[in-house]
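Grab a pencil and open the viewer. Below are some short exercises, each with a worked solution.

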Amino acid sequence: MPAEAPPAPAAPLLVVRDLCVRVPSRGRMIPLVDRVSFTLGEQDILGLVGESGSGKSVTAMALMGLIDSPGVQITGSALFRGQELVGLPQKQLRRLRGREIAMIFQDPMTAFTPVYTIGWQIDEQIRAHERLSRKQARNRTVDLLAAMGVPDPAQTANRYPHQLSGGLRQRAMIAMALSCNPALLIADEPTTALDVTVQAQILELIRSLRSTYGSSVLLITHDMGVVAETCDTTLVLYSGRVAETGPTDALFAHPGHPYTAALLASIPPLEGPRPERLPAIAGAPPAPLERPEGCAFAPRCSYVHAPCLHAPPPPLVPTGRYASAPRRAEADTQAVPLPAPDNTPRPGNLSHGSPAVQARSEPASLRAAQFAACVLPAEGTPLPPRLKDTAPGPGTPDAIGHAPPPRPPSPSSTIGEPHL
Amino acid sequence: MMMALLRRLGQTAFVLFGISVLVFLVFFATPGADPTARIAGRNASPQTLEKVRAEYGLDRPLPVQYATMMKKLFITQDLASYADRGELVVPEIARAAPVTVSLVCGAAVIWVALSIAMGTIAAAMKGTWVDRGLMILGLIGISMPVFWLGQVANLITQSRYHDTWLFSWVPGLGYVPLTENPWGWFKALVIPWCVLAVMFIGIYSRVLRADLVALSGEDFMRTARAKGLSPSRILLRHGLRTSLITFVSLFGLDFAQLVGGGALLTEVVFGLPGVGRLTYQALTNLDLPLIMATVMYSAVFVVLANAVVDILYLFLDPRVRDAR
C-alpha cells in the first residue's frame, strides 16, 4: 500500500471541513453535528457509520441544504467541486440538488409522493433540470429503471408507489437519483427498510454505480456489515463527532478508537464458538445537550483516562498505519509528505492526514493529547502503530481489550471478508 | 367497477331506508307526539280527532302508515301538507331546490377558491405575519355567526348605505331564477354567497394550512426538495395535490348538508325560498309530511354526496383505487 498520496486525478469531489450543525433549544445552541470533516474523491464510496442520533443524516441533509428548520446554524465548509455548499443560496442549491448531488432516502415506502406514478416522478426530476420533452424524459426513465434491474420497466413506470415492493421502490428511487447523472450520490440508509436479500441486491447496485455511472457515493448506515462490504473509506460518527476515519479495511482490521473497536466487537462472529452474550457497549450515547467536554465516548469507554476528558475534544482520531503516538510515528511518516489540510481519503492514504504529519505541521499540545487519548491506561503505551494492514501490530487485540481479532463483520450475514 | 357501483347503490338505498324509518318513528310513533292532535289543532273535540285520524290514516298500524307515507312520498308523489291543505309536498321541494342549489354552489365556488388560496399562501409563508394574518382572518370568519353576518350585510346594503353608489345595485331580498334573468340571479345571490362562504373559508383555509404544514415534514416532500424542484412546484404539485384528498372529503360533507337544507339560516335571513327555509317553516308549523319530505331530501343529498366523494377519491388517490 503506497503511503504516498498519489496525485489525485482532480481535486476531490467533496471536501467537508469542520461542518457544524447547531439547533437552538431553550436559548442554547445545541450542536447536532460537531466539527465533522471528511473528503470524498471521485468515484469513491465513503461510509458514514454511527448509531441513531449520531448525526449521520443531519450531515447529509446539511450538505444538501435540506435543513430549513428555523434558527438552525450551519457552519464550516463543504466544498463540492470547489463550490462552497454551506451558505449557498437556495436557488443555486436547487440547481445542484438532483442534478449534481442526488439523495436516496431510507424508507422507500414513504419517499415517493403517493398520488403520482413512479415514472411521472422520475420524469419530473429529469425535466426539472434538463430541457427534454415528456417523451424523451420517459424514455430515459424507462432506460434507467431497466438499468436498475426493474423488470418490465415501461410498465413499472406507470405504476404507483404503493403498487411496488420495497426493493422495486428503492430501485426506482435510485433510478430517480441517477436520472440526471449526479456526481455525488448520498444514500441515507438505503437498505435499512429492506429485507436482507433485497439489501444485498441494492448494495450490489450501489457498488456498481461507480463503474457504470462514475458516481461517488456517500453511504450513510448504521450497519457495519454494509460498510465493510461496500465502502472504500469509513468514517465513524459518535454523538455528532467523528470518532475515527480511515480506509475501510484498515479500520476494520485495526480499529483505533475504542468506540469502533466496541462496535466491531458487538458483531456476532461467523466462525468459532458462539459467544454466550455478544459484548455490548454499556449505557447510551449522550444527548447532544449532555455531550461531555472531552471525548464524547468517554462516559462509556472502558479506557477512559485523564486526557480523554480535556476540552476541547479531539476533532479526529485517525486510524490506519500511523495512528500512533507522535514520537513513534516519526519513523513511519517520511513517506507522507502531505500538508495537513490535504486529506484525500483513498485507500493507502490516511483520511485525515496522519496524526504524525499533523502533529509535525502543527505542533500543538492538543494533538499530543488527542493521541494520548486512546491508549490503554494499564500499560500506558499508545496503541501499536499499524505498520502493515495485513500484519497487525503485536498485541493489537489485547491493546483494545475486548476488541476481537479482525473478523468478518457481518450482522446481516450476507457478507464475507471486508472487500475493497 | 360495475359491481362496486351496484354495491354503492345498494348501500345508498339501505341508508335512505334507515333514515326514513327513523324520521317516521321520531315524528309519528314517539309517545306523546300524536300527529292527530297537531293536525286537528288545540282543544279539538274527540270527534274531530277521530275524524282527522280516519282521514289521514292514522288509526292504522304503524308499518301501514309508514308504507302509505313512503308510497305517497316517492311513488305517487301526492303527499299533501297537513298545515297547508292541498299543498303537495314534493313539488314544493322541487321548486325550492334550485334556489338552495344556486345559493350553495355559488358559495362553494367562492369558499373553495379563497380557502385554497389562503391556506396555500399561509403554508408557504409559514411563520410570517402573512401566515398569522390570514389565519386570524380565518378565525374571525369562523367566529361570526352566519345569521348575524347576514343581518349586518342586509343592514348595510339594504338600508343604511343602499343609496350610496357602492350598494345601489343591490336588489331587494328574494330570489330571481337563473333562467329568467341571469344577471338578476347573480345580483340577488352574490351577497348571500359571500355571507355563507365566510365561515367555510375560515375552516377550510385553516384545515388546508395545517394539512400542508404537516405534509411538509413527510418523506416524499423531502424527496421532492432533494430532486431540486422549485418551492412552488413542491407545494402545489406534491403538497396541495396530496392535501386535496382531505379537502375533498371535508367539502363533500359540508356541501351535501348545505344543499340538503343546512343553509337554512342564510336562506331565512336573505328571504330565499330554498329548502332550508321550507324546513324552517315546516318545523314552525310542525307540518309532518313536509318535515318528512325535507329530511328525506336532505338525507338523499348527504348520501349521494358521500358516494360522489368516494368516486372522487378513486381519481385523487390511487391507493383507494386498488383497495376496491
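**Exercise 1. Which strands of chain A does helix H7 (residues 196-212) lie across, and at about what angle does H7(A) run to S8(A)?**

Before solving, some housekeeping. This is a predicted model, where local features need pLDDT of at least 70 and side-chain atom pairs count only at pLDDT 80 or more, while totals for chains, interfaces and linings use all residues. Residues are numbered from 1 along each chain as its sequence is written, and chains are lettered from A and ligands numbered from 1 in the order in which they are written.

Step 1: find the strands. H7(A) lies across strand S3 (45-49), strand S7 (184-188) and strand S8 (216-221) of chain A. Helices (H or I, at least four residues) and strands (E, at least two) are DSSP runs, numbered from the N terminus.

Step 2: get the angle. H7(A) runs at about 160 degrees to S8(A). Axes are lines fitted to C-alpha atoms, for helices over the stretch in contact, and angles run from 0 to 180 degrees between N-to-C directions. Contact here means that the C-beta atoms of two residues, placed from the backbone, lie within 7 Å.

**Exercise 2. Work out the strand order of the open sheet of 6 strands in chain A, and find its edges.**

Step 1: the order is S6-S7-S8-S3-S9-S10, with mixed pairing. Two strands pair if DSSP finds at least two bridges between them. From one strand to the next, the twist averages 15 degrees.

Step 2: look at the ends. Strand S6 (101-104) and strand S10 (241-247) of chain A each have a single partner strand, so one side of each has no neighbour in the sheet.

Step 3: zoom in on one edge. Strand S9 (residues 233-238) of chain A runs antiparallel to S10(A), and 6 bridges join them. One bridge to pick out pairs Tyr238(A) with Arg241(A) in S10(A).

**Exercise 3. Do the same for the open sheet of 4 strands in chain A, then place helix H1(A) on it.**

Step 1: these strands go S2-S1-S4-S5, and the pairing is antiparallel. Strand S2 (28-40) and strand S5 (83-84) of chain A are the edge strands with a single partner each, so each has one side without a neighbour in the sheet.

Step 2: check the S5(A) edge. Strand S4 (residues 73-80) of chain A pairs with S5(A) over 2 bridges in the antiparallel sense. Leu79(A) has Glu84(A) in S5(A) as its bridge partner.

Step 3: add the helix. H1 (residues 56-64) of chain A lies across strand S1 (14-25), S2 and S4 of chain A, at about 80 degrees to S2(A).

**Exercise 4. Describe how H3(A) packs on H6(A).**

Step 1: helix H3 (residues 118-129) and helix H6 (residues 166-178) of chain A pack at about 20 degrees, with their axes 9 Å apart. That makes H3(A) roughly parallel to H6(A); angles under 35 degrees count as roughly parallel, over 145 as roughly antiparallel, 65 to 115 as roughly perpendicular and the rest as oblique.

Step 2: name the residues. On H3(A) they are Ile118(A), Gln121(A), Ile122(A) and Gln125(A), meeting Ala172(A), Ala175(A) and Met176(A) on H6(A). By class, that contact has 5 nonpolar, 2 polar and no charged residues (Ala, Val, Leu, Ile, Met, Phe, Trp, Tyr, Cys and Pro count as nonpolar, Asp, Glu, Lys and Arg as charged, and the others, Gly among them, as polar).

**Exercise 5. Now chain B: what are its elements, and how do H10(B) and H13(B) pack?**

Step 1: count. Chain B has 14 helices and 0 strands, and its C-alpha trace spans about 85 × 60 × 35 Å along the principal axes.

Step 2: pack the pair. H10(B) and helix H13 (residues 288-316) of chain B meet at about 160 degrees, with axes 8 Å apart. H10(B) and H13(B) are therefore roughly antiparallel. Their contact divides into 15 nonpolar, 8 polar and no charged residues.

**Exercise 6. How many residues does each chain put into the contact between chains A and B, and which helix of chain B gives the largest share?**

Step 1: chain B gives 21 residues and chain A gives 24.

Step 2: on the chain B side, helix H9 (219-226), helix H10 (231-262) and helix H14 (318-323) each supply at least two residues. H9(B) has the largest share, 7 residues.

Step 3: sort that side by class, and you get 6 nonpolar, 6 polar and 9 charged.
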